[in-house]
Amino acid sequence: MAEYGDADREPARADGPDAVAGRIADAVDSLTGLWAAAASRASVRLSPHQLRAMRVLEDLPGTNLTALAERLDAGLPSVSRLCDRLEAAGLVVRDAAPHNRREVELRLTAHGRHVLAEVARLRNRVLAEVLRAMDPDTLDALDRSLRAFAEAQRNLPPPK
């Protein structure tokens with residue numbers, strides 16, 4: 001039985017963009033599980049949402065709650081509670097913004113930065129184990145493909 005693509009009913013290529021996109025999605029799911037398992041071995045156990053929030057704060061120190069909620073595509077009350085838990089754990093601090101005392105800026109503490117670095121080390125270690133199990137030529141091809149993917153993504157116009 002033939003596989004079909006879009007409405008024009010042409011046979012879909014087994015290695016076309018749609019098929020490859022499906023395999024990438026499967027790989028991302030696999031990586032997510034692998035990374036979650038590695039992160040669970042860190043000195044501080046964090047949910048995937050907490051880790052994402054901390055990564056945003058690492059990249060954008062001083063972000064306010066509204067901007068963080070937008071970046072996480074989450075509701076403001078949920079992000080506020082998430083930040084309450086991160087603050088209680090000593091991972092995040094809230095400070096009044098210098099330009100507007102009513103606005104709150106969020107920053108990682110030194111402990112928060114240390115925990116993120118620990119999680120990154122654990123994740124990289126687990127991922128490196130998988131990569132070491134690959135044939136060197138396949139690993140090289142994967143590396144070239146990931147670089148090409150990143151380049152193609154950089155060259156696309158921003159999503160609307």
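**A tour from glutamine 50 to the nonpolar patch**

Begin by selecting glutamine 50, which, leaving aside residues up to four places away in sequence, touches Arg45, Leu82, Arg85 and Leu86. Keep in mind throughout that the model on screen is predicted. Glutamine 50 lies in helix H2, which covers residues 48-59, and it counts as buried because its relative accessibility is 11%, where the cut-off for buried is under 20%.

Next, select the strands. Three of them, in the order S1-S3-S2, form an open sheet with antiparallel pairing. Strand S1 (63-64) and strand S2 (92-97) are the edge strands, each of them pairing on one side only. If you then display helix H4, residues 76-88, you will find that it packs on the sheet, where it touches S2 and S3, and that its direction makes about 115° with that of S2. To look into the pairing of S1, add strand S3 (residues 100-108), which runs antiparallel to S1 and is joined to it by 2 bridges. Within this pairing, select threonine 63 and look across to leucine 106 in S3, which stands opposite.

Finally, turn to the surface and select Val20, Ile24, Val28 and Phe149, which together make a nonpolar patch of about 320 Å². Helix H1, spanning residues 17-39, gives the most to this patch, with 3 residues. Which helix holds valine 20? Valine 20 is found in helix H1, and with a relative accessible area of 31% it is partly exposed, so it passes the requirement of over 30% that applies to patch residues.

Definitions and conventions:
Residues are numbered from 1 along each chain as its sequence is written. This is a predicted model: local features need pLDDT of at least 70, side-chain atom pairs count only at pLDDT 80 or more; totals for chains, interfaces and linings use all residues. Side-chain values use heavy atoms; hydrogens and water are left out. Patches are made of residues with over 30% relative accessible area and no salt bridge: like charges are joined within 9 Å, nonpolar side chains (Val, Leu, Ile, Met, Phe, Trp, Tyr) within 5 Å. Accessible areas come from the Shrake-Rupley method with a 1.4 Å probe; for residues, only the protein chains shown count as cover. A salt bridge is a side-chain nitrogen of Lys or Arg within 4 Å of a carboxyl oxygen of Asp or Glu. Helices (H or I, at least four residues) and strands (E, at least two) are DSSP runs, numbered from the N terminus. Buried means under 20% relative accessible area, exposed over 50%, partly exposed in between (1.4 Å probe, protein chains only). Two strands pair if DSSP finds at least two bridges between them. Contact means heavy atoms within 4.5 Å. Axes are lines fitted to C-alpha atoms, for helices over the stretch in contact, and angles run from 0 to 180 degrees between N-to-C directions.
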